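The following exercises are to be solved with the sequence and the model at hand. Each task is followed by a worked solution.

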Amino acid sequence: MTLRSDEVTKGLERAPHRSLLKAMGIIDNEMDRPFIGVVNSWSELIPGHIHLDKLGESVKAGIRLAGGVPFEFSTIGICDGIAMGHEGMKYSLPSRELIRDTIELMVQAHRFDGMVMIPTCDKIVPGHLMAAGRLDIPTAVVTGGPMLPGFVDDEQRDLISVFEGVGERQNNKITDEKLKALEDCSCSGAGSCAGLFTANTMACVTEALGMSLPGCGTTHAVDAKKFRLAKETGMKIMELVERGITARQIVTPEAIDNAIILDMAIGGSTNTALHLPAIAHEFGVDLPLDRFDEMSRTTPHLTNLRPGGNHFLLDLERAGGVPAVMQRLGDMLSLDVLTVTGDTMAKNLEGFKPVNPRTNASVIKTLDDPVHPQGGIAILKGNLAPEGSVIKQTAVHPDMMVHSGPARVFNSEEESMHAIMDRQIKAGDVVVIRYEGPKGGPGMREMLSPTSAIAGMGLIDSVALITDGRFSGGTRGPCIGHVTPEAAQGGPIALVEEGDTIEIDIPNRLLDIKVPDNVLEERKARWKNPVVETKKSYLARYQRYVGTASRGSILE
């Protein structure tokens, strides 16, 4: 078998290269074995990542057991929760492309024969998958796993409980002591936040793509099962190298459709409509935004997880996780696709049997009796969003599926937060937050603080939010993001004025501003872009080259 690493280890002229490898403890016997990159996003900055060094050890043990030589290196990672609500969030989405690029540099420079990726959390998993598509070598992914829910006042809690607690305290619904208890006890330790927010959605999507072993997406960070899966993945990568199975043989258009269908069935984060097109692009697949809506209309919502429902990822894991949901979906999926097991998805699911049948039946509904008849995401268009916008429709109260109200217009997240916390937002309002798109932000910040504050104040079932930025996977309620074209490009959202009537019709996929066309044209003629070009930073380069959110905010 010819290996990429032969370019480093073989031949008279490679004696200096072998000498450097020997300086790190590599022996002659290992020079003939496949070199496997272990791409780890471990750091001390993110709860979802603080245990990944130990997962890395398990992966490397599996690689050695199967006859390979592991080399571990790290990637960067930003904690969206810690970056939320201030300038730091502008750097979160842009980090996705930098993660992809740094992995490419390391893998190509060192000529690895395969790689095992160990990412967790919002931009990190997409960045790793994008690199896998670009490099197209044998690759398997071990996502780090969810956090166990916390427990306060006899109820299971998560990070969103704390964010919403801020609004509850501001509205005198809870005491300082209760907010402190939420702060102390809601986040229980290692793992990605305990609900179906973006990190855990992307872990489930990775499994549905066939890029991680069955069960990996929902196995929790502190569960010994996760470490066994990591070791098995280390062994499995050697089989993929031996058989020449590369990432693009696994992630095909059919596999991407499977991932979207799974996403719709579990009611995942709206951020998948941003990340999956970018991932597909690196795999050479065109994925228009409308594909999400097509899939949503025909895929029932089968499990009601936080933030839209009351179940946590722990409940889904006990119910059988992604394999159990995919079994329910059955013929809706393309089951002949290849996976990192080396077998097809059909073969993987063939022998699957949930350990907890009663939990399985109560947490995961059937196609005949779903939670909702349609999937989690809806794509709305209209004169306010000609290219589209995204909403998690399964997290919207039935009374808000159709809504009309006056626009309350803010040119930044900070402006909106001041108004919300000062109780200036009233029932029926439509909060418009603009100039927060990929170029306008720059960086397309998530708006978890405003949505959580509104929820905490008891307005989430009477106030809508619209932005050309995006919302956290932990957002619930009538929150519409990714409005394109964005304000900084002169999109219609830039022309909204205080008091304009905004009409939202989710069942009919409409988002309109009730202003005559000639008036909008007059406003457009007067419009001047208030966004100042960023200077001398990574964000300056990002702002210059980033594309529209409707195409995944990829760098063009």
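**Exercise 1.** State how much space lies in the second largest pocket and which residues lie nearest its centre.

*Solution.* Step 1: the second largest pocket holds about 320 Å³ of space. A pocket is an open set of points on a 1 Å grid over the protein atoms alone, where a 1.4 Å probe fits, with protein on both sides within 12 Å along at least five of seven lines; lining residues have an atom within 4 Å of a point. Step 2: among its 27 lining residues, C79, D80, G81, L159 and C193 lie nearest the centre. Step 3: the lining divides into 16 nonpolar, eight polar and three charged residues.

The model is predicted: local features need pLDDT of at least 70 and side-chain atom pairs pLDDT 80 or more, while totals for chains, interfaces and linings use all residues. Residues are numbered from 1 along each chain, and side-chain values use heavy atoms, without hydrogens and water.

**Exercise 2.** Determine how many disulfides the whole structure has, then examine C185 and C204.

*Solution.* Step 1: a search for cysteine sulfur pairs within 2.5 Å finds zero disulfides. Step 2: C185 is in none, the nearest cysteine sulfur, that of C187, being 10 Å away. Step 3: the sulfur of C204 is 9.9 Å from the closest cysteine sulfur, in C216, which is too far for a bond. Step 4: C185, at 36% relative accessible area, is partly exposed, whereas C204, at 0%, is buried. Here buried means under 20%, exposed over 50% and partly exposed in between (1.4 Å probe, protein chains only).

Note on methods
Points joined across faces, edges and corners; volume = space filled by probe spheres on them. Nonpolar A, V, L, I, M, F, W, Y, C, P; charged D, E, K, R; others polar.
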